[in-house]
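Dear colleague,

I am passing on a structure for you to look through, and my notes on it follow below the display.

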Amino acid sequence: MCCDLKRRFLLLYATQKGQAKAIAEEIWQQAGAHGLEADMHCISEMDKYNLETEEDPVVIVISTTGTGDPPDTACKFVKKIQDTTLPPDHFAHLQYGLLGLGDSEYTFFCNGGKTVDRRLQELGAQHFYNTGLADDSVGLELVVDPWIDGLWLALEEAFLLQRKKEGMSSDAVSSSLCAAPHVGHELNLSSEVQNLKLEDERVRSSDVLMTQKLVDVHLVASTRDAEPSLVHSVPPVSQSALNIPALPPEYIEVQFQDTHGENPHLSSLISGGTTFEVPVTKAVQLTREDAIKTALLLELDIADTVFDYQPGDAFCVICPNNVSEVEELLHILGLSEKGEYFVCVKVKQGTKKKGAAHPQHIPERSTLKFVLTWCLEIRAIPKKAFLRALVECTSDAGEKRRLQELCSRQGASDYTRFIRDSNVCLLDLLRAFPSCKPSLNLLIEHLPKLQARSYSVSSSNLYQPGKLYFVFNIVEFPACPTRPVSRKGVCTGWLAELVAPLLHPNKNTLDTKGGNSSAKKIPIFARPNNTFHLPADPSVPFMMVGPGTGISPFIGFLQHRQKLREEHTDWEFGETWLFFGCRHQDRDYLFKQLRCFLENGTLTHLKVCFSRDSSTAEVAQPKYVQDVIRLYAKEVARVLLKERGYFYICGDKKHMADGVSDAVVDILSMEMEADKLEAMKILAMLREAKRYLQDVWS
């Protein structure tokens, strides 16, 4: 009988921040409606599956972290499959499809997925479905949604081949396919992994999305709202029948207890490593008041800790959500009086959610205010599944319809424009849709973990023992139509408020004893960088490119080099170059003491540029660091090619690092008298050799 046919596939996910898991859960939910059984596991749970003996199709969803590494949950799996003793036919029996998640703002886009994909191919595994690479910089859903839509037909074809191999008759196979739920048009996915990014307008939705609910509501926008907004739609969206996601099953229940007890220590919020609470002993504003961005330099006292670092390392700050935003959220939830009550969070009995578990970032017992302040990223951009859940908490018909549109396939461009690109968070939504009153358990289910923020160290422990310095810009989000109030970055805003007494001391804030007993403390933990360090051989030359706050790690480099020069006068030291840029020489030249490094010989060459300063020179001055680098083409080529030197870049990826890479490619092409493709290969080799290193952000 066709109903007895086995229709199971193995579904594995490897996640760092929960994205891959959420997508795997969406696949699991849709599978049931397609008459399939998805056996879902985290890829780290290798005791629950065995690829060596797996006969059914395998679907893998994997993210990328750091500078192109697989997520922590995949490290054990990757190490296992990279065993060089495995034969080339080790996985010859395996049929799989892989969806990689990444961000093209970073150099090694989707490298976690690409690493696993490439190795499985080397070991003989075969694709039953084209690999998908989803780009978070433009919206994961642009690839994820159509990839999932096309998955079901690909699985049907994989089952068809599987049955043929098992010797079943073609009639039986045909009848099994007829009994399966109808699957829409096959997506025109490129066979080449690199070309799988899909443009939204070219994607055709499936005829029937079995796990989506069809909503047929026709609301015509009034003439005064000719333009769409967060709360308003216009035709065709406003007049369309909507395909909206399936309602995610609830799986958390929250019980209020008493007000007695203590909250867990902040160290319990991180999964590995040691947390240190260290005092902020100094704060300096490096920019003038009229600068476009405000940059602060903070000094931390780590003398009484075992915290250790090298120049080039990063560290993480555990930061809280904004106090007023937490209070407002409590007010909207109707829980203002319950903030100091302890809550117990448990998995709901009888939940239909596959693999439901207590969220690791939520303590077993803590106050409600602690959960909202330290555990949940209340500024996170809501995912469509969250919007879908919020629909059920909204009483106003117009607001309910608009939330349905924003999470629907038809409203994808509105979601991107008014939520994703506008950095809208939960509070913005609750202000815009006042009849939406979500439950506390819904927030815990859908808001991700509040992540610690990473910063580059801007000092040397050798040069200044017991001290750690770092630099940051205070992130500003101006008010806009979708967000009527301006706000600062979660961590940078908190730090700026914390150190305000150090920046603007007065009679009320001065410590009359002259000590730092009242110094504010912040929780930090180490995040060592395995590659972004000074060359092991001090005689090797190196070049540094760090405009704006990108100069931060290079201050540590130069401090360290200066101390080594003082302590080892007999050593040979290679030449050092620094390319620095900012907007205005008199407003945001962050470290004018760079001249000191130049004068004492620590820094051989200092090249600076100012992008917004007007020049009276007859020859136009270069505005950006990539322009300055081109002026020293022969020196760049000499350091990289002849002297086997190092090249470091720190700062903005999109607007600087890519431009610098293009400049270096042009330089290599010109100086080697080679075509651009050959120059790009040379740059790739330099990256591979860890001599062209980047510490960049988007």
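Please keep in mind that this is a predicted model. I begin with Thr-549, which, leaving aside residues up to four places away in sequence, touches Val-471, Phe-472, Asn-473, Leu-590 and Trp-697. Thr-549 sits in the loop between β20 (542-545) and α15 (552-567), and it counts as buried because its relative accessibility is 13%, where the cut-off is under 20%.

On the nonpolar interior: the largest nonpolar core has 53 residues, and those touching the most other members are Leu-329, Leu-376, Leu-387, Leu-390, Ile-419, Leu-426 and Leu-429. Helix α7 (residues 368-375) supplies the largest share of this core, namely six residues. Leu-426 has contacts with Leu-329, Ile-378, Ala-380, Pro-382, Phe-386, Leu-390, Leu-443 and Leu-447, again not counting residues up to four places away in sequence. Helix α8 (residues 384-391) has seven of its eight residues buried, so it is largely enclosed by the rest of the structure; the buried residues include Lys-384 and Arg-388.

Some backbone details may deserve your attention, given that most residues other than glycine have a negative phi, and most peptide bonds are trans. Pro-235 and Pro-236 are joined by a cis peptide bond with an omega of about 5°, and Pro-236 is found in the loop between β7 (213-215) and β8 (242-244). Asn-423, in the loop between α10 (412-420) and α11 (426-432), has a positive phi of about 55° and is partly exposed, at 32% relative accessibility. Arg-644, in the loop between α18 (633-642) and β23 (646-652), likewise has a positive phi, near 50°, but Arg-644 is exposed, with a relative accessible area of 53%.

With best regards

Key. Residues numbered from 1 in each chain as written. Predicted model: local features only at pLDDT ≥ 70, side-chain atom pairs only at ≥ 80, totals over all residues. Heavy atoms only, no water. Helix = DSSP H or I, 4+ residues; strand = E, 2+ residues; numbered from the N terminus. Buried < 20%, exposed > 50% of the residue type's maximum accessible area, 1.4 Å probe, protein only. Contact = heavy atoms within 4.5 Å. Core = buried A, V, L, I, M, F, W, Y, C linked by side-chain atoms within 4.5 Å.
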